[in-house]
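Please look over the chain below before reading on. The paragraphs after it go from the overall fold to a few aromatic side chains.

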Amino acid sequence: MYSNLFSQPPYLLLLFGVLISVSCGVAFEKVLKQSVQQWYRSVSENEETPVQTRALFIPFLGICGGIFVFLAAGLQIVANNWTISSAIALPLSLLTGRLVWSQLKVLLVKLQEGGSQALDLDNIF
């Protein structure tokens, strides 16, 4: 009964990877919106709130995990070996996640320090 569920090529894993990333992305969006609203409230009350929280990082890890599953399943279609495709997809997912998180950290600090006017998208680089 379950032999067709995990058949070759792993199309179901591709779908799972996309669904994991999208669902964690929705959670990340909600937490980020709540954090920004909390930052704006704390500015008026002269409180200091941290930019990065565990509540923001956990959905981000879920997004990275979903991307890993999607990349590994897509590479398994080409390479036909889960070990090789995972060995390629894991460093790609970790490196991309690290770069995106560091850039997001910089943008969140700018947003917290100067408000939305600090994010001048014309001169971001």
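What follows describes a predicted model.

The chain has three helices and zero strands, so that from the N terminus on its elements read α-α-α. Of the 125 residues in the chain, 28% are buried. The exposed surface of the chain comes to about 8,700 Å², and carbon and sulfur atoms supply 65% of that area. Among contacts with a separation of 6 or more, 69% are between residues 24 or more positions apart.

The aromatic side chains give a closer view of how the helices meet. There are three aromatic pairs in the count. One of them joins Phe28 and Phe60, with 6.1 Å centre to centre and 50° between the planes, and is tilted. Phe28 belongs to helix H1 (residues 11-44) and Phe60 to helix H2 (residues 54-79), so this pair ties together parts that are 32 residues apart in sequence. Phe28 counts as buried because its relative accessibility is 13%, under the limit of 20%. Phe60, at 8% relative accessibility, also counts as buried.

A further pair is formed by Phe57 and Trp101; this one is edge-to-face, with 5.0 Å centre to centre and 70° between the planes. Because Phe57 lies in helix H2 and Trp101 in helix H3 (residues 82-114), the pair ties together parts 44 residues apart in sequence. Trp101 is buried at 9% relative accessibility, whereas Phe57 is partly exposed, with a relative accessible area of 33%.

Taken as a group, Phe28, Phe57, Phe60 and Trp101 are linked by ring pairs into a cluster.

Notes:
Residues are numbered from 1 along each chain as its sequence is written. This is a predicted model: local features need pLDDT of at least 70, side-chain atom pairs count only at pLDDT 80 or more; totals for chains, interfaces and linings use all residues. Side-chain values use heavy atoms; hydrogens and water are left out. Helices (H or I, at least four residues) and strands (E, at least two) are DSSP runs, numbered from the N terminus. Buried means under 20% relative accessible area, exposed over 50%, partly exposed in between (1.4 Å probe, protein chains only). Contact means heavy atoms within 4.5 Å. Accessible areas come from the Shrake-Rupley method with a 1.4 Å probe; for residues, only the protein chains shown count as cover. Rings of Phe, Tyr and Trp (its six-membered ring) pair if their centres lie within 6.5 Å; planes under 30 degrees apart count as stacked, over 60 as edge-to-face and the rest as tilted.
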